[in-house]
Amino acid sequence: MAEGYVTLVCDDVPHDAVLTDPGTRVLDVAHVVRRLTGLSLWRSKVLAMQVPAVILDGVQREDAEAAVAALRGVGAQAEVREQPGPRSVS
C-alpha cells in the first residue's frame with residue numbers, strides 16, 4: 001500500500017502580528033503589548049525591546065491587523081505576517 005499525504009486547505013491561514021520597531025515611546029508600546037497578550041508590564045517591555053517580536057501568534061487576519069493598528073497607533077512599527085503553510089513532501 002502506498003503512503004499518501006493530504007493537504008488540508010483552510011479558509012483563513014494563521015497570521016502573526018510582529019513588532020519590528022518599538023519607536024521612541026517604548027512604555028506606551030509595552031502597555032499595548034500587555035493589553036494584547038496579558039503579560040505583566042515588565043515582560044511586555046522586555047518583549048517590546050526584543051525585536052522582531054511575535055506579539056500574537058497564529059491568529060485570524062482581522063485580529064492580527066487590529067493588533068498591528070494598535071501598535072502603530074502608539075508609534076511602533078509592526079506588520080502582519082502570514083504563517084507558512086505545510087511543505088509538501090515528494
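Good morning. I begin with helix H3, where Ala64, Ala67, Val68, Ala70 and Leu71 are buried. I should say at once that this is a predicted model. Viewed down the axis of H3, these buried residues fall within an arc of 160°, so they line one face of the helix. The general rule behind such a pattern is that an α-helix has 3.6 residues a turn, so residues three or four places apart point the same way. On the other side of H3, the exposed residues are Glu62, Arg72 and Gly73.

What lies over the buried residues of H3? The cover includes strand S1, helix H1, strand S2 and strand S3. As for the length of H3, its 13 residues should span 18 Å at 1.5 Å a residue, and the C-alpha atoms at its ends are 18 Å apart, which agrees. After H3 comes Gly75, which has a positive phi, near 95°.

Let me now place this helix in the chain. The chain holds three helices and three strands, and along the sequence they follow the pattern β-α-α-β-α-β. Of its 90 residues, 28% count as buried. If we take the contacts between residues at least 6 apart in sequence, 69% of them join residues at least 24 apart. The exposed surface of the chain is about 6,400 Å², and carbon and sulfur atoms supply 51% of it.

I turn to the strands. Five of the seven residues of S1 are buried, so this strand is largely enclosed by the rest of the structure. S1 pairs with S2 in the antiparallel sense over four bridges; Leu19, for example, has Ala53 in S2 as its bridge partner. S1 and S3 also run antiparallel, and six bridges join them. Here Asp16 has Arg81 in S3 as its bridge partner.

Which residues have the most contacts inside the largest nonpolar core? They are Ala17, Leu19, Val29, Val33, Ile55 and Leu71, in a core of 18 residues. Two or more residues of this core come from each of S1 (15-21), H1 (26-37), H2, S2 and H3 (61-73). H3 gives the most, with five residues. Leu71, then, is a residue we have met twice: it is buried in H3, and it is among the core residues with the most contacts.

Val33 offers a closer view of this core. Leaving aside neighbours within four places in sequence, Val33 is in contact with Gly38, Ser44, Leu47, Ile55 and Leu71. Two of these partners, Ile55 and Leu71, are themselves listed with Val33 among the core residues with the most contacts.

Another residue to consider is Leu27, which lies in helix H1. Is Leu27 buried, partly exposed or exposed? With a relative accessible area of 48%, Leu27 is partly exposed. The C-alpha atoms of Leu27 and Lys45 are separated by 6.8 Å, although these two residues are 18 residues apart along the chain.

Finally, I draw attention to a detail of the backbone. Val51 and Pro52 are joined by a cis peptide bond, with omega about -5°. Where is Pro52 placed? Pro52 is in the loop between helix H2 (41-49) and strand S2 (53-59).

To close, I return to the starting point: the buried residues of H3 line one face of that helix, and H3 gives the most residues to the largest nonpolar core. Thank you.

Definitions and conventions
Residues are numbered from 1 along each chain as its sequence is written. This is a predicted model: local features need pLDDT of at least 70, side-chain atom pairs count only at pLDDT 80 or more; totals for chains, interfaces and linings use all residues. Side-chain values use heavy atoms; hydrogens and water are left out. A nonpolar core is a set of buried Ala, Val, Leu, Ile, Met, Phe, Trp, Tyr and Cys residues joined through side-chain atoms within 4.5 Å. Buried means under 20% relative accessible area, exposed over 50%, partly exposed in between (1.4 Å probe, protein chains only). Contact means heavy atoms within 4.5 Å. The expected span of a helix is 1.5 Å times one less than its number of residues. The arc is that of the directions from the helix axis to the C-beta atoms. Two strands pair if DSSP finds at least two bridges between them. Accessible areas come from the Shrake-Rupley method with a 1.4 Å probe; for residues, only the protein chains shown count as cover.
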